Amino acid sequence: MPFDLLVVGGGIQGAAVARDAAMRGLRVLLLERGDLASGTSSRSSKLIHGGIRYLETGQFGLVREALRERAILLRLASEFVRPLPFLIPHYRREGRPRFLVRAGLALYAALAGHHALARHRTLDATEARALEPELRPEGLLGASLYWDAQMDDALLCVSVAVDAERAGATIRTYAAVVGLEVRGSSWRARFHDVDSGEERIEEARCVVNAAGPWAEAIRGLVRAAPGVGLRRTRGTHVVVPSLTREKALLLTAHRDGRAFFVLPWGEHSLIGTTDVDDSTPPERVAPDAGDVRYLLEEAARALPRLRGDARPLRAFAGLRSLAQGSAIRPWANSREHRIVEEGTMLTLIGGKYTTHRSLAERVVDRVAALTGVRVGRCVTAETELPGRLRAIAELTPRYPGKLRLEGSLEITEAEVAHAVQKEHARHPDDILERRSRLWLRLDAMRRAAPQVAAWMGSHLGWDESRRAREVERVAHAMDREAQVLDAAMEGGRT
Ligand SMILES: Cc1cc2nc3c(=O)[nH]c(=O)nc-3n(C[C@H](O)[C@H](O)[C@H](O)COP(=O)(O)OP(=O)(O)OC[C@H]3O[C@@H](n4cnc5c(N)ncnc54)[C@H](O)[C@@H]3O)c2cc1C
């Protein structure tokens with residue numbers, strides 16, 4: 001019997017569609033060519049937010065919906081999403097004028113309505129420096145304080161997919177769709193196991209193409225139809241040792257007036273992002289040295305302790321797949337989603353992490369209408385997403401190993417056991433990059449790789465040479481990233 005629904009892509013949008021559809025009683029298959037969240041969904045700014053800067057481009061509907069979804073996620077996915085205070089510093093003759101920011105925050109609060117997290121406030125320069133002593137004092141007039149939320153993006157995506165599986169969906173990772181054709185009233189999907197090369201076929205009545213920046217490639221498997229207007233822009237982040245006291249900063253870049261963030265992650269800060277048109281094949285997207293220098297130099301203007309030539313601990317990039325709008329500048333392009341319907345195939349374009357749940361609800365409503373399958377009502381706005389910490393704690397007596405790394409970073413044998421047994425982890429980078437906090441530092445990931453490969457190998461039956469190959473795979477990826485950082489630092493000195 002064919003599946004009711006095939007979802008292509010195990011990023012947040014595909015995982016959310018699979019979860020909603022399975023919870024409403026559909027028979028669902030999700031195929032992901034790599035690891036869950038290995039595409040854009042682990043390279044975001046990790047904010048669950050209304051997106052205050054989208055007010056400047058008039059995207060009020062998106063902001064209102066995102067603020068409502070923020071409230072739902074804070075309530076139902078509290079292990080992965082937490083409130084975060086933001087400061088917007090005001091400098092004399094720099095950035096957006098104070099009255100404009102105040103008006104924007106008042107509108108943001110109005111759009112949030114009863115979902116607002118706390119009242120925004122205006123601070124004078126002394127109060128602003130008391131909250132964030134690292135802010136450059138020269139020209140500082142004060143700051144605006146408001147609240148949004150921060151998330152563990154990859155962990156949230158993995159947990160949504162695992163919950164889809166719990167609801168009955170079949171999830172296959174490292175399963176790349178290589179052929180799609182309509183046979184009678186069903187779709188026939190050909191896919192291969194990326195590790196073994198083995199090829200398989202499955203059938204489904206409806207397809208949701210949730211391949212993010214690869215969406216056009218998936219459509220191309222079906223027919224040489226004209227493009228659906230996908231604009232891909234690269235967003236780079238860098239990680240540096242902590243610059244702020246648990247507050248996020250929303251800053252204005254001096255050279256182009258763009259808004260960007262400095263976000264606290266314990267002993268680290270995440271700086272991002274850039275927004276540059278990029279037509280590189282999505283699997284090869286990487287930060288370039290110019291992105292890294294841009295972020296360091298712009299952040300150093302507001303936070304002089306960060307030297308513009310300081311070497312970051314990490315740099316990573318993701319591709320936004322945006323619905324092409326009329327804006328010339330990438331950062332002014334609309335972030336609203338589009339659902340492109342071609343027969344019984346739905347392609348998802350654009351959209352935000354923050355609105356994944358509501359988008360999935362709309363998509364599953366359409367799937368039901370297109371296939372005529374009777375589905376239950378959507379319950380994702382009232383069903384808690386199970387956390388993973390309790391399950392990991394239960395495994396600790398059996399798997400007691402622990403590896404301490406730089407600062408307070410650590411990885412435990414129980415986390416690895418859980419990732420392999422319950423979360424589809426197949427390679428050490430699945431754990432280092434997406435199921436632990438080690439993503440914050442290249443050196444920590446490199447140091448942990450042999451131990452993680454040893455722990456994984458004991459579950460997956462790896463011999464010595466397989467373990468060595470897995471460690472080598474991590475080292476190779478780390479070397480490539482280190483080269484980008486070297487190039488950025490080289491450029492910074494010339
Ligand atoms: C730099 C940056 C910062 C962002 N920051 C935020 C933020 O702070 N807050 C927010 O709300 N949103 C943010 N976003 C947007 C958000 O990250 C994206 O909207 C979201 O991650 C997109 O998820 P997706 O599932 O559509 O795509 P992806 O996560 O890219 O998933 C698509 C998946 O399809 C798989 N795939 C591709 N081809 C095949 C195939 N042939 N067979 C099987 N699988 C295939 C890929 O491997 C991939 O895993 C940001 C985006 C970027 C780029």
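**Domains 1 and 3**

I looked up the distance between domain 1 and domain 3 in this predicted model. Taken over C-alpha atoms, their centres are 28 Å apart. On the domain 1 side 14 residues take part in the contact, and on the domain 3 side 9 residues do. I then noted the bounds. Domain 1 is assembled from residues 3–41, 154–228 and 334–371. Domain 2 consists of 81–149 and 230–327, and domain 3 runs over 389–493.

**Overall form**

I checked whether the radius of gyration suits a compact globule. For 494 residues the rule gives a value near 23 Å, and the protein has 22 Å, so the two agree. The C-alpha trace spans about 70 × 50 × 45 Å along its principal axes. I counted 13 helices and 20 strands.

I also looked up burial and surface. Of the 494 residues, 56% are buried. The accessible surface is about 20,200 Å², and carbon and sulfur atoms hold 50% of that area. Among contacts with a separation of 6 or more, 72% join residues 24 or more positions apart.

**Nonpolar cores**

Next I asked which residues touch the most other members of the largest nonpolar core. They are Leu263, Ile271, Val292, Ile411 and Ile431, in a core of 84 residues. Helix 12 (residues 442–460) supplies the largest share of this core, with 9 residues. Domain 2 and domain 3 each give at least three residues to this core.

I followed Ile431 further. Setting aside neighbours within four places in sequence, I listed the contacts of Ile431 as Ile411, Val416, Ala419, Val420, Ala425, Ser436, Val452 and Met456. A second core, separate from the one above, has 46 residues, including Phe80, Cys157, Leu348 and Leu385.

**Cysteines**

I searched the whole structure for disulfides and found 0. Cys206 is in no disulfide, and the nearest cysteine sulfur to Cys206 belongs to Cys378, 16 Å away. Why is there no bond from the Cys378 side? The closest cysteine sulfur to that of Cys378 is in Cys206, and 16 Å is too far for a bond. The cut-off I used is 2.5 Å between sulfur atoms.

I checked whether these two cysteines are buried or exposed. Cys206 has 0% relative accessibility and therefore counts as buried. Cys378, at 13%, also counts as buried, because the cut-off is under 20%.

**Backbone oddities**

I looked for a cis peptide bond and noted one from Gly272 to Thr273, with omega near 15°. Thr273 sits in the loop between strand 14 (268–272) and strand 15 (276–277).

I then looked at positive phi in residues other than glycine. Tyr174 has a phi of about 50°. The loop that holds Tyr174 lies between strand 7 (170–172) and strand 8 (175–183). With 6% relative accessibility, Tyr174 counts as buried.

Glu246 is another entry here, with phi near 60°. I placed Glu246 in the loop between strand 11 (230–241) and strand 12 (248–252). Is Glu246 buried or partly exposed? At 47% relative accessibility, Glu246 counts as partly exposed, because the value falls between the 20% and 50% cut-offs.

Note on methods. Residues numbered from 1 in each chain as written. Predicted model: local features only at pLDDT ≥ 70, side-chain atom pairs only at ≥ 80, totals over all residues. Heavy atoms only, no water. Core = buried A, V, L, I, M, F, W, Y, C linked by side-chain atoms within 4.5 Å. Buried < 20%, exposed > 50% of the residue type's maximum accessible area, 1.4 Å probe, protein only. Helix = DSSP H or I, 4+ residues; strand = E, 2+ residues; numbered from the N terminus. Domains from an automatic or database assignment. Contact = heavy atoms within 4.5 Å. Rg over C-alpha atoms; globule rule 2.2 N^0.38 Å. Areas by Shrake-Rupley, 256 points an atom, 1.4 Å probe, with all protein chains shown as cover.
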